[in-house]
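Work through the exercises below with the sequence and the model open. Try each task before reading its solution.

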Amino acid sequence: MRRAAIVGTGAIAAAHAEALRTAADRVELVAVVDVDADRASAFAKEWGVPRAHPTSAALLEAEELDFVHVCTPPRHHVPIALECLAANVDVLVEKPPALSLSEVDALIAAERGSTGRVATVFQHRFGPAAVRLRRLASEGVFGRSFVAKCDTLWYRGDAYFDVPWRGTWESEGGGPTMGHGIHQFDLLLSVLGPWQEIRAVAVRQARDVQTEDVSMALVTFADGTVASVVNSLLSPRETSELRFDFERATVEVEHLYGYTDAHWTVTPAPGHEDVVLRWREERSGIVSGHRCQVAAFLDALDDGSVPPVSLEDTRNTMEFIAALYASAFTGTVVKAGQIGPDSPFYASMEGIGAPWGNAR
């Protein structure tokens, strides 16, 4: 029986608490933390958590824990994760896990000196359909990959950004590229493998923020696949879409914040109708979400393997983001591996500065 705690009891914490509740035969939520004592107490009461603490340091001193869920605003993710690693406690950290590549590398260095491990919440990797897609693709069922697209077209009005930490480089590390589209293109990357180069644009069109409110990228992958990635907070008809055009089939999903098998379609190329039969051999009504990833996280702890999504996997996605901003703000093509400690985009996704300057 594992012992877990949640740090940060804002909106996303409920998804974590619910995921832990569904695994109640394997894990117990023993404590929560929030700087707002009343909010922590209310959350603890709602979810039947026995104790609340004012800080993560107080939590780690008072409790014997197997892992901690970090659900705070993004700028606090790395400091709390570092505290947990120093205490040899595993960490499951919400997206974005860090504000820069340099912070990811700081976590990697700290992890080497700890028995604790850090995993990032990219829950859409763990829906049954995505797991099946990766397996069938790796087995060659779909043939070669040619074309893909990844659209996160959401809507966030002006009131959304009234929360002080939203829309700033310092607190969020970026706009929809960092905080919203990251789920969809992380799934894209998990299917297509290593990316090679990015050509991108990022603009601030309508919101009174420091960061972008729209970004677009053209991406070339190591296997030759070409893909488009769009991240928007200005789209009244909200949708999350992924499309993969393989040699033998097109595989698509359209959902918003979570998918089941019913959201996916597979269209075979002429003469390859058997691909659809392979896809339909397995059926699931499970919604992609925190529940699926927490189960996979617990499985890894039980068998002693590295919990998914590891810092190595996380770094690939974070490097993709840094390269997208670098391409957009410099007007150049950015290749994988190009952003090192000597690049301004290594220490901050803002890099040389957004061309529109800061609104706040």
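**Exercise 1. The opening unit**

Task: Which handedness does the β-α-β unit made by strand 1, helix 1 and strand 2 have?

Solution. This is a predicted model. Start with the elements. Helix 1 covers residues 13-22. Strand 1 spans residues 2-7 and strand 2 spans residues 27-33. Next, check the pairing. The two strands run in the parallel sense, with six bridges between strand 1 and strand 2. Arg3 gives a register point: Glu28 in strand 2 stands opposite this residue. Finally, follow the path. Strand 1, helix 1 and strand 2 form a right-handed unit.

**Exercise 2. The open sheet**

Task: In what order do the six strands of the open sheet lie, and which are the edge strands?

Solution. Begin at strand 1. Strand 4, residues 67-70, pairs with strand 1 in the parallel sense over four bridges. Ile6 has His69 of strand 4 as its bridge partner. Now step on from strand 4. Strand 5, residues 90-93, pairs with strand 4, again in the parallel sense and over four bridges. Here Val70 is bridged to Val93 in strand 5. Put the whole sheet together. The order is 3-2-1-4-5-6, and the pairing is parallel. The edges are strand 3 (51-53) and strand 6 (118-120), each of which pairs on one side only. From one strand to the next, the twist averages 25°.

**Exercise 3. A link between distant parts of the chain**

Task: Which residue forms a salt bridge with Asp302, and what parts does the pair tie together?

Solution. The structure contains 23 salt bridges. Pick out the one at Asp302. Its partner is Arg2, with the closest N and O atoms 3.1 Å apart. The cut-off for a salt bridge is 4 Å, so this pair qualifies. Now place both residues. Asp302 belongs to helix 11 (residues 290-303) and Arg2 to strand 1, so the salt bridge ties together parts 300 residues apart in sequence.

**Exercise 4. A salt-bridge network**

Task: Which residues are joined with Arg278 into one network of salt bridges?

Solution. Take the partners of Arg278 in turn. One is Glu139, with 3.3 Å between the closest N and O atoms. Glu139 sits in the loop between helix 6 (128-138) and strand 7, while Arg278 sits in helix 10 (residues 274-280), so this pair ties together parts 139 residues apart in sequence. Another partner is Glu281, whose side chain meets that of Arg278 at 3.8 Å, N to O. Check the accessibility next. Glu139 has a relative accessible area of 48% and is partly exposed. Arg278 is partly exposed too, at 32%. Glu281, at 58%, is exposed. Shared partners complete the picture: salt bridges join Arg135, Glu139, Arg278, Glu281 and Glu282 into one network.

**Exercise 5. A nonpolar patch**

Task: Which residues form a nonpolar patch on the surface with Phe146?

Solution. Locate Phe146 first. This residue lies in strand 7, residues 145-155. Then classify Phe146. Its relative accessibility is 35%, and the partly exposed class runs between 20% and 50%, so Phe146 counts as partly exposed. Now add the other members. Val147 and Val226 form the patch with Phe146. Together, the three have about 220 Å² of accessible area.

Notes: Residues numbered from 1 in each chain as written. Predicted model: local features only at pLDDT ≥ 70, side-chain atom pairs only at ≥ 80, totals over all residues. Heavy atoms only, no water. Pairing = 2+ DSSP bridges. Right-handed = clockwise from strand over helix to strand, strands pointing away. Patch = residues over 30% accessible without salt bridge, like charges linked within 9 Å, V, L, I, M, F, W, Y side chains within 5 Å. Areas by Shrake-Rupley, 256 points an atom, 1.4 Å probe, with all protein chains shown as cover. Buried < 20%, exposed > 50% of the residue type's maximum accessible area, 1.4 Å probe, protein only. Axes fitted to C-alpha atoms, helices over the stretch in contact; angles between N-to-C directions.
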